[in-house]
Number of protein chains: 2
Amino acid sequence: MTSESAGTIIALAGGVGGAKLADGLARLFGERLTVVVNTGDDFTHLGLHVSPDLDTVMYTLAGIANPKAGWGIVGETWEFMAQIERLGGPAWFRLGDRDLATHVLRTERLAEGETLSAVTAGLCRSLGVAAALLPMSDDLVRTMIRSDGGELPFQDYFVRLACAVPVRGIRFEGAKTARINPALAALGERPDLGAIIICPSNPYLSVDPILAVPGMREWLRAQGRPIVAVSPIVGGAAIKGPAAKIMAELGAAVSAVGIARHYRGLIDGLVIDEADAGLANEIVAEGIKVRVSRSVMSSTEDRVALARVCLAFAGEIADGRCR
Amino acid sequence: MTSESAGTIIALAGGVGGAKLADGLARLFGERLTVVVNTGDDFTHLGLHVSPDLDTVMYTLAGIANPKAGWGIVGETWEFMAQIERLGGPAWFRLGDRDLATHVLRTERLAEGETLSAVTAGLCRSLGVAAALLPMSDDLVRTMIRSDGGELPFQDYFVRLACAVPVRGIRFEGAKTARINPALAALGERPDLGAIIICPSNPYLSVDPILAVPGMREWLRAQGRPIVAVSPIVGGAAIKGPAAKIMAELGAAVSAVGIARHYRGLIDGLVIDEADAGLANEIVAEGIKVRVSRSVMSSTEDRVALARVCLAFAGEIADGRCR
């Protein structure tokens, strides 16, 4: 399958790694790409609605993401934060001067009654992002981290404590009553959907909240199209973020095999890195097809190349040419 | 009367000119100065509670006011605004990156249930402002400008339209039910109050909203201390802002005499500029005592000097040494 034959494509994404592959897909598919984005990380800070994963994907696809930090906007300045500190405000979550414009506009528009989907679509239009970025739901879902001694809101765990406490469990507050993004349901009526790609985002923190929205798993499977994931674990470690640490803390195998088991019943195939080629048979034994590929994305070319690998793999699965 | 003999002092202030004299008084009185500040200009922009006059006075007394613009913070940067424009947001009201910290913290704290007084006190503490800055009321009062064809919210008139439309009337929405700042009422019990100074702010746009709060005029008079105003009109023109234009549009004499008539019944004395010395008799004929002084404040020394003039004048009025 190529970007020409695939028609449209759906990707599921959270943070940095996911945004990179989404960018590779966006370069191939343009507005024929829909990215379903995790909003479990969303929180209110300084009275502003912050959507870290939506912003990471949006900034990445707009070509303005900060390549070093993994969040925020390139060339960012910090005058606002410096003044917040002078005024005795909280400094643990850093909002850049440019990035702030996103949060202020989003907060204002949400307060005026716009949905998060509509706000996101407007921001994407202004930034020239052609792909459709869909929050998994327009309803509030909050990822909560259970650690020793109690439960933490996600950003407290992730940013304030820098993931330094052990994770004993993860809960998606509000997920049970959240409604799947209606624009996604509408998309499902397209017969030209080529494949569904689960980007190499943290399965526990970025993809599971998406899958926790009632009906999401069923909707994805009901498309009858190949679902392909890319392992965010390479050589027993995460490319970025706490995925490996969390998997160990929750008793999962910290490897592409652990990822395969995590997604069992949902995905048809898993793309694993060349470093993990030796794990292929173990993954196939789980009933999941495997494609071995270079998967670490250091350049734009890498992003597009990995997108092509995912497409070709999905095409072979669809055609029954894959064992 | 000197700053030693005056005990405490109350000033009424709005924008730039008022803030300058308040600064002169603050340099003499420190925490013995209370500034009652206009909040009729307050409005919600981009979902943020902006208090232009409170901020102008606060920044001026903190020594961080932008000396050129007459609003905002010195050395300000504009990354946020540039991004707001990129995102299709409104650009007619400019919020600097540092200034924004004030609005974001204020909005958050108001949303949490703090009063505007408490928020202002907290911000002043952080900025090292020793004087007490009191919003005239913690309740919402909105200055509305009646022009040809309808009524405009104040900032639409003042910033968006740059005062280009004629003023036919001014209304202070919410003033009738607004309660006088309780901290001000508490202050009134101090027997050491030396004088009340009405700073050279726009009488119509900056001082009238303060006086429109029910009980404010009566409270000021009830102190039994000299009330001295400084004319913001010098040589038939305003030092800054639309005061002269508005006075003409509303049919008032555009001169220190017009100012005297405007404040008749409230003030005991009016400080007028040397340029207007020839108007002294006309003002005395209105039943208001006059002090002629250099009144244009170009330097910090000018601010302190004018503050001393006001004090000495109030002292002479109190002692009955003034005709």
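Helices here are DSSP runs of H or I with at least four residues, and strands are E runs of at least two, numbered from the N terminus. Keep in mind that everything below comes from a predicted model.

**View 1. The end of helix α11 in chain B.** Right after α11(B) comes B:Gly265, with a positive phi near 90°. The helix itself, residues 256-263 of chain B, has seven of its eight residues buried, so it is largely enclosed by the rest of the structure. A residue counts as buried once 20 or more other C-beta atoms lie within 10 Å of its own. The buried ones in α11(B) are B:Ala256, B:Val257, B:Gly258, B:Ile259, B:Ala260, B:His262 and B:Tyr263.

**View 2. How chain A maps onto chain B.** Turn chain A by 180°, with 0.0 Å of shift along the axis, and chain A lands on chain B with an RMSD of 0.0 Å. That's the relation of a two-fold axis. If you want a landmark in chain A, pick A:Asp97: its C-alpha is the nearest to the axis in that chain, 3.0 Å away.

**View 3. The contact between the chains.** Chain A puts 23 residues into the contact and chain B puts in 23 residues. On the chain A side, the elements giving two or more residues are α3, α4 and α5 (116-126). The top contributor there is α4(A), with ten residues. Sorted by class, the chain A side that touches chain B comes out as ten nonpolar, eight polar and five charged residues. Of the interface residues of chain A, 100% are interface residues in chain B too, so the copies meet through the same surface.

**View 4. Helix α3 of chain A and what it packs on.** Zoom in on residues 79-86 of chain A, and you'll find A:Glu79, A:Phe80, A:Met81, A:Gln83 and A:Ile84 buried. What do the buried residues of α3(A) pack against? Their partners are α4 (97-111) of chain A, plus α3 (79-86) and α4 (99-111) of chain B. Past the end of α3(A) sits A:Gly88, with a positive phi near 80°.

**View 5. Helices α1 and α2 of chain A, crossing.** The pair to look at is α1 (residues 16-29) and α2 (residues 52-62) of chain A, whose axes come within 9 Å and cross at roughly 40°. That angle makes α1(A) oblique to α2(A). As for hand, the crossing of α1(A) past α2(A) is right-handed. From α1(A), the contact residues are A:Val16, A:Ala19, A:Lys20, A:Ala22, A:Asp23 and A:Ala26, and from α2(A) they are A:Thr56, A:Val57, A:Thr60 and A:Leu61. Split by class, that contact has six nonpolar, two polar and two charged residues.

**View 6. Helices α1 and α2 of chain B, crossing.** In chain B, the axes of α1 (residues 16-29) and α2 (residues 52-62) come within 9 Å, crossing at roughly 40°. So α1(B) is oblique to α2(B), and their crossing is right-handed. On one side of the contact, α1(B) offers B:Val16, B:Ala19, B:Lys20, B:Ala22, B:Asp23 and B:Ala26; facing them in α2(B) are B:Thr56, B:Val57, B:Thr60 and B:Leu61. The class tally for this contact reads six nonpolar, two polar and two charged.

**View 7. Positive phi without a glycine.** Two loop residues are worth a look. A:Cys163 isn't a glycine, yet its phi is positive at about 60°. You'll find A:Cys163 in the loop between α6 (154-160) and β8 (169-173) of chain A. Is A:Cys163 buried, exposed or partly exposed? With 15 other C-beta atoms within 10 Å, A:Cys163 is partly exposed. Over in chain B, the residue to check is B:Ala162, a residue other than glycine with a positive phi near 50°. B:Ala162 sits in the loop between α6 (154-160) and β8 (169-173) of chain B. B:Ala162 is exposed, having 10 other C-beta atoms within 10 Å.

**View 8. B:Leu184 and its surroundings.** B:Leu184 belongs to helix α7 (residues 182-187) of chain B. With 22 other C-beta atoms within 10 Å, B:Leu184 is buried. Which residues does B:Leu184 contact, leaving aside neighbours within four places in sequence? Those are B:Val36 and B:Leu134. For scale, take B:Leu48, 136 residues from B:Leu184 along the chain: the C-alpha atoms of the two are separated by 26 Å.

How values were computed: Residues are numbered from 1 along each chain as its sequence is written. Chains are lettered from A and ligands numbered from 1 in the order in which they are written. This is a predicted model: local features need pLDDT of at least 70, side-chain atom pairs count only at pLDDT 80 or more; totals for chains, interfaces and linings use all residues. Copies are superposed by least squares on the C-alpha atoms of residues with pLDDT of at least 70 in both. Two residues are in contact if their C-beta atoms, placed from the backbone, lie within 7 Å. Axes are lines fitted to C-alpha atoms, for helices over the stretch in contact, and angles run from 0 to 180 degrees between N-to-C directions. Angles under 35 degrees count as roughly parallel, over 145 as roughly antiparallel, 65 to 115 as roughly perpendicular and the rest as oblique. A crossing is left-handed if the near helix is turned anticlockwise from the far one by less than a right angle, and right-handed if clockwise. Ala, Val, Leu, Ile, Met, Phe, Trp, Tyr, Cys and Pro count as nonpolar, Asp, Glu, Lys and Arg as charged, and the others, Gly among them, as polar. A residue is buried if 20 or more other C-beta atoms lie within 10 Å of its own, exposed if 12 or fewer, and partly exposed in between; C-beta atoms are placed from the backbone.
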